[in-house]
Amino acid sequence: NSFYVLTNVLKEKFPVDARLENGTQAKLESFNAMYVIAQIYDKDNVRYDIENDFITLFFPNSNERKSVTIHGGINNGDIVYGFLENDYGRLPVKDKTVIDIGANIGDTPIYFALNGAKKVIGLEPYPKNFKIANKNIQSNNFSEKTILRLAGCAGESSNIMINPEENSNIESTLKEYSQGIKIPLLTLEQILKEYSISSQSILKMDCEGCEYDVIKSTSD
């Protein structure tokens with residue numbers, strides 16, 4: 001029932017009852033869920049649970065890691081582009097430190113750790129995402145390789161008031177609320193200095209527009 005699903009998703013009339021080609025009934029809670037399910041429902045190396053919102057990816061040819069489970073991966077995260085389409089595959093992360101601006105639910109830090117990064121410094125300003133990211137990092141045993149920071153990145157060092165109940169997703173832009181909790185905004189140079197990051201490291205930024213301000217405000 002793709003026409004019904006797409007029409008109601010675009011109108012944001014959630015939840016949307018979908019019927020998949022393999023006969024599965026699915027209750028979709030977000031646009032991201034529609035897109036993710038459409039891409040993974042028939043993949044042999046992916047298992048998913050829509051009701052409990054998690055995805056397990058299997059790596060049958062790997063000697064080091066056979067699977068990872070990403071909680072929150074149906075309605076959030078970058079599972080399709082990151083893991084299935086390998087958008088970050090051209091980044092030479094092996095044995096290097098990766099600064100991950102926009103760590104979201106921890107899926108990209110896990111991706112970089114799986115691909116040999118020595119250390120991942122992940123920044124995520126939304127408390128709900130940060131909590132899920134911690135859960136994903138710990139449950140998949142990547143705590144030794146990953147440092148998560150409840151913070152954002154900006155051209156100038158400051159703070160921003162965030163609603164801790166905000167249900168942000170992969171496309172959410174950072175906005176200030178009149179009430180909430182105060183979250184630090186760090187400059188790129190602060191991050192480099194605080195974590196003693198060398199020039200041979202990797203920077204990944206996915207912060208829905210903050211990239212321009214951060215890069216243009218950073219010295220050569």
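**Thr187**

I looked up Thr187 and asked whether it is buried or exposed. Thr187 counts as buried, at 15% relative accessibility, because the cut-off for that class is under 20%. The model is a predicted one, and I read every value below with that in mind.

Next I placed Thr187 in the fold. It sits in the loop that runs between β11 (181-186) and α6. Which residues does Thr187 touch, not counting those up to four places away in sequence? I noted Cys153, Ala154, Gly155, Glu156 and Ser157. I also took one long distance: the C-alpha atoms of Thr187 and Asn63 are separated by 38 Å, and these residues are 124 apart along the chain.

**Cysteines**

Cys153 had come up as a contact of Thr187, and I turned to the sulfur atoms. I searched the whole structure for disulfides and found one. The bond joins Cys207 and Cys210, with 1.9 Å between the sulfur atoms. I recorded -85° about the S-S bond, which makes the link of Cys207 and Cys210 left-handed. Cys153 is in no disulfide. Its nearest cysteine sulfur belongs to Cys210 and is 5.7 Å away; that pair is not counted because the cut-off is 2.5 Å.

I then checked accessibility. Cys207 is buried, with a relative accessible area of 17%, and Cys210 is buried with a value of 17%. Cys153 is buried as well, at 6%.

**Salt bridges**

How many salt bridges does the rule give? The count comes to four. I wrote up three pairs, as follows.

I began with Lys204 and Asp100, whose closest N and O atoms are 2.7 Å apart. Lys204 belongs to strand β12 (residues 202-205) and Asp100 to strand β6 (residues 97-101), so this salt bridge ties together parts that are 104 residues apart in sequence. Lys204 counts as buried at 3% relative accessibility, and Asp100 is buried at 0%.

The pair of Glu194 and Arg149 came next, with 2.9 Å between the closest N and O atoms. It links distant parts of the chain, 45 residues apart: Glu194 is in helix α6 (residues 188-194) and Arg149 in strand β8 (residues 146-149). Glu194 is partly exposed, with a relative accessible area of 45%. Arg149 also counts as partly exposed, at 22%, because that class begins where buried, under 20%, ends.

Last in my notes are Lys27 and Asp17, whose side chains meet in a salt bridge of 2.8 Å, N to O. Lys27 is in strand β2 (residues 25-28) and Asp17 in strand β1 (residues 16-19), so the pair ties together parts that are ten residues apart in sequence. I have both as partly exposed: Lys27 at 43% and Asp17 at 40%.

**Sheet β3-β4-β5**

I traced an open sheet of three strands, in the order β3-β4-β5 and with antiparallel pairing. Why do β3 and β5 each have one side without a neighbour in the sheet? Both stand at the edges, β3 (46-49) and β5 (67-71), and each has a single partner strand, so one side of each stays free of a sheet neighbour. The twist averages 15° from one strand to the next.

For the pairing of β4 (residues 54-58) with β5, I counted five bridges in the antiparallel sense. Within this part of the sheet I noted that Ile55 stands opposite Ile70 in β5.

**Nonpolar cores**

Ile55 appeared again when I looked up the nonpolar cores. The largest has 40 residues, and those that touch the most other members are Leu28, Ile37, Ile55, Leu57 and Phe112. Which element gives the largest share of this core? Helix α2 (residues 31-40) does, with five residues.

I picked out Leu57 and listed its contacts, leaving aside neighbours within four places in sequence. They are Asn45, Val46, Lys66, Ser67, Val68, Ile70, Ile79, Phe83 and Leu84.

A second core, separate from the largest, has 14 residues. Its members include Ile99, Ile101, Ile191 and Cys207. Cys207 is the residue I had already entered as a disulfide partner of Cys210.

Note on methods
Residues are numbered from 1 along each chain as its sequence is written. This is a predicted model: local features need pLDDT of at least 70, side-chain atom pairs count only at pLDDT 80 or more; totals for chains, interfaces and linings use all residues. Side-chain values use heavy atoms; hydrogens and water are left out. Two strands pair if DSSP finds at least two bridges between them. Helices (H or I, at least four residues) and strands (E, at least two) are DSSP runs, numbered from the N terminus. Axes are lines fitted to C-alpha atoms, for helices over the stretch in contact, and angles run from 0 to 180 degrees between N-to-C directions. Buried means under 20% relative accessible area, exposed over 50%, partly exposed in between (1.4 Å probe, protein chains only). A nonpolar core is a set of buried Ala, Val, Leu, Ile, Met, Phe, Trp, Tyr and Cys residues joined through side-chain atoms within 4.5 Å. Contact means heavy atoms within 4.5 Å.
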